[in-house]
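Colleague: I've just been handed this one and don't know my way around yet. Could you walk me through it?

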Amino acid sequence: MTAPAPKPVEPAIVARDLTRRFGSFTAVDNISFDVGQGEVFGFLGANGAGKTTAMKMLIGLLAPTSGEARVAGLDLKTETEEIRKRIGYMSQRFSLYEDLTVLENIALYGGIYQLSKETITERSSRMLEVLGLEDDLVARLPLGWKQKLAFSVALLHEPAIVFLDEPTGGVDPITRRQFWEMIYAAALRGTTVFVTTHYMDEAEYCDRISIMVDGKIAAMGTPLELKQKWNVPTIDELFVRLARPA
Amino acid sequence: MERADNRRALRPTRETGMISTLGAFMTKEIRHILRDRQTLVVLLMMPLVQVVLFGYALRSDVRDVRLAIVDPSPDYATLALRDRFTAGRRFKIVAIEPSMERVEPLFRRGAADLAVELDPDFAPHLESGEPAKVLVVVDASDPNTGATMQAYARAVIDLYEADLEANGKQPVRIIPAVRMRFNPTLESVNLFVPGLIALVLTLVSALMTAISLSREKERGTLEILLVSPLRPWQIIVGKVLPYLGLAFANVLTALLAASLIFHVPLRGSVTLLLAESILYSMVSLAIGVLVASLTDSQRVAMLVALLATMLPSTLLSGMIFPLASMPKLLQVLSNIVPAKWFIVIARGIMLKGVGLEHLWLETLVLFGMLLLLMTLAVRSFKPRVA
């Protein structure tokens, strides 16, 4: 038995010179980066640095002004429809339907992503079990549970990449911790995680991070590399130094 | 290898896939509607309440007109004419006075709506073939009612005149022949019901879709849907179809209420009327979608939808105020109001009993509007990110 020659693994995300302008304002300025498969990639930046804009281009909500990108091995411009099936997205705002129950929300997204009835039933009961939830109106869940549920729903169709836009905003530290455990679990199953945050302690949990300042990537690497290179004790300190140049 | 499998698993057959996706989305939409009980009850009751309210309150036909007769010299002819006025149930004689001055205070007090002053030489003039004069004085503080009352009085006098002539002796005079066709009893509720259907459909279709779609926008759920494999047209269709069902139920309620309570006739084809109602609903739904795509919050969407649909639909459609009595500019403007065309259609089917052979132009106009609005709605419904 001859093993097939190992194919070079294509990165989950390849961005090349991505740029987005709004009128004369350049929100994202020529950024390039790769995110490996199964990596937890932290996308850091102050408010208004352009991280949400960059993410919206990668998930097809916003057309790049110039530059190109491949997401899940597919071209962002020409294969958008295929990309949509292979990514999951959780936005800054809580975006499940509060007037529907947990199971009804799951059924909706299961249907949208064309999962079979059996798959939906199976995954939703597993999801309730893992989260320790009863089926109830989403409106009645505490915020922390809602966030964890939203994350699980974003993973329902087992996407190759999941994009999380400040997923832990307004959540208590314990839930934040549990949330990151869920992120790790997803990464272990092979899902690439692209997460924006401005909690710098969370940055330390990522495999690699990039720090955006004024639409450009000011630093990129593993947290350890970056701290050594800039000779700072924490990412927080590095962030402050980059965001506010002396 | 694994990826290829994965790709196949994600793509069942294209058609079943699209239907299940749309089905899931519509199921969710129906759940939203059913779960919001209060709104649902209001929406379902609205046609009933509106028909009853408009039917009783907003009628322009006038009953129990309080009539003062000024008859300086009563004779057989004036008595006959007075009898004519009391014969129907329209007029109630509140005073019979010898001179107009005595009636004046009644008008001021609001105790009389109408006065009819008869020539002192009424019978002799009639005999000799000279014009017998009748003065009709109307309280026109409400001009519409005033005009209606005056028309009623004229009708009574004309009839009397016509009867005299039929008896032979009179020289032929010019008799204004006013015939109230299609609505011989001048039942204004008959005229309102088609307009009401338009109003209810506009409200449910345009307003509710605008609110429900802009809610998704405001809450951020639309963004998630746009990142998913759902296509914009699927979102629109999934949003719109459940409301179309609701609108259909509303048309049935309005028609039932109108025929059971007010005996409004439905002389033409029910099927055609329902089909035209669906067409009109779709036009309104398209307006709702368009409004939601162009606005950023529920509140603004609601206000714009109200202003853009309800006002023109009530004021510029001919529903309440006849278009013919409006300035030319408004008459021209009324052509872009979908309700105007629908009301012509609905009145045609219900009151005149005509079919498509007479209403094809109006139907075509609505189709054209639908096509244009749908195109605009889908176009403007692109992911817009602030």
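Modeller: Here are some notes on a sheet, the helices beside it and one residue. This is a predicted model, where local features need pLDDT of at least 70, side-chain atom pairs count only at pLDDT 80 or more, and totals for chains, interfaces and linings use all residues. Residues are numbered from 1 along each chain as its sequence is written, chains are lettered from A and ligands numbered from 1 in the order in which they are written, and side-chain values use heavy atoms, with hydrogens and water left out.

Colleague: OK, what's the strand order in the open sheet?

Modeller: In chain A the six strands run in the order 6-7-8-3-9-10, with mixed pairing; strands are DSSP runs of E with at least two residues, helices are runs of H or I with at least four, both numbered from the N terminus, and two strands pair if DSSP finds at least two bridges between them.

Colleague: Which strands stand at the edges?

Modeller: Strand 6 (87–90) and strand 10 (216–221) of chain A do, and because each has a single partner strand, one side of each is left without a neighbour in the sheet.

Colleague: And how do strand 3 and strand 8 of chain A pair, parallel or antiparallel?

Modeller: Strand 3 (residues 40–45) and strand 8 (residues 192–197) of chain A pair in the parallel sense over five bridges, and A:Phe41 has A:Phe194 of strand 8 as its bridge partner.

Colleague: What does helix 5 of chain A touch?

Modeller: Helix 5 (residues 143–154) of chain A packs on the sheet, touching strand 6 and strand 7 (161–165) of chain A, where contact means heavy atoms within 4.5 Å.

Colleague: Switching topic, is A:Glu202 buried or exposed?

Modeller: A:Glu202 is buried, with a relative accessible area of 1%; buried means under 20%, exposed over 50% and partly exposed in between, with a 1.4 Å probe and protein chains only.

Terms used:
Axes are lines fitted to C-alpha atoms, for helices over the stretch in contact, and angles run from 0 to 180 degrees between N-to-C directions.
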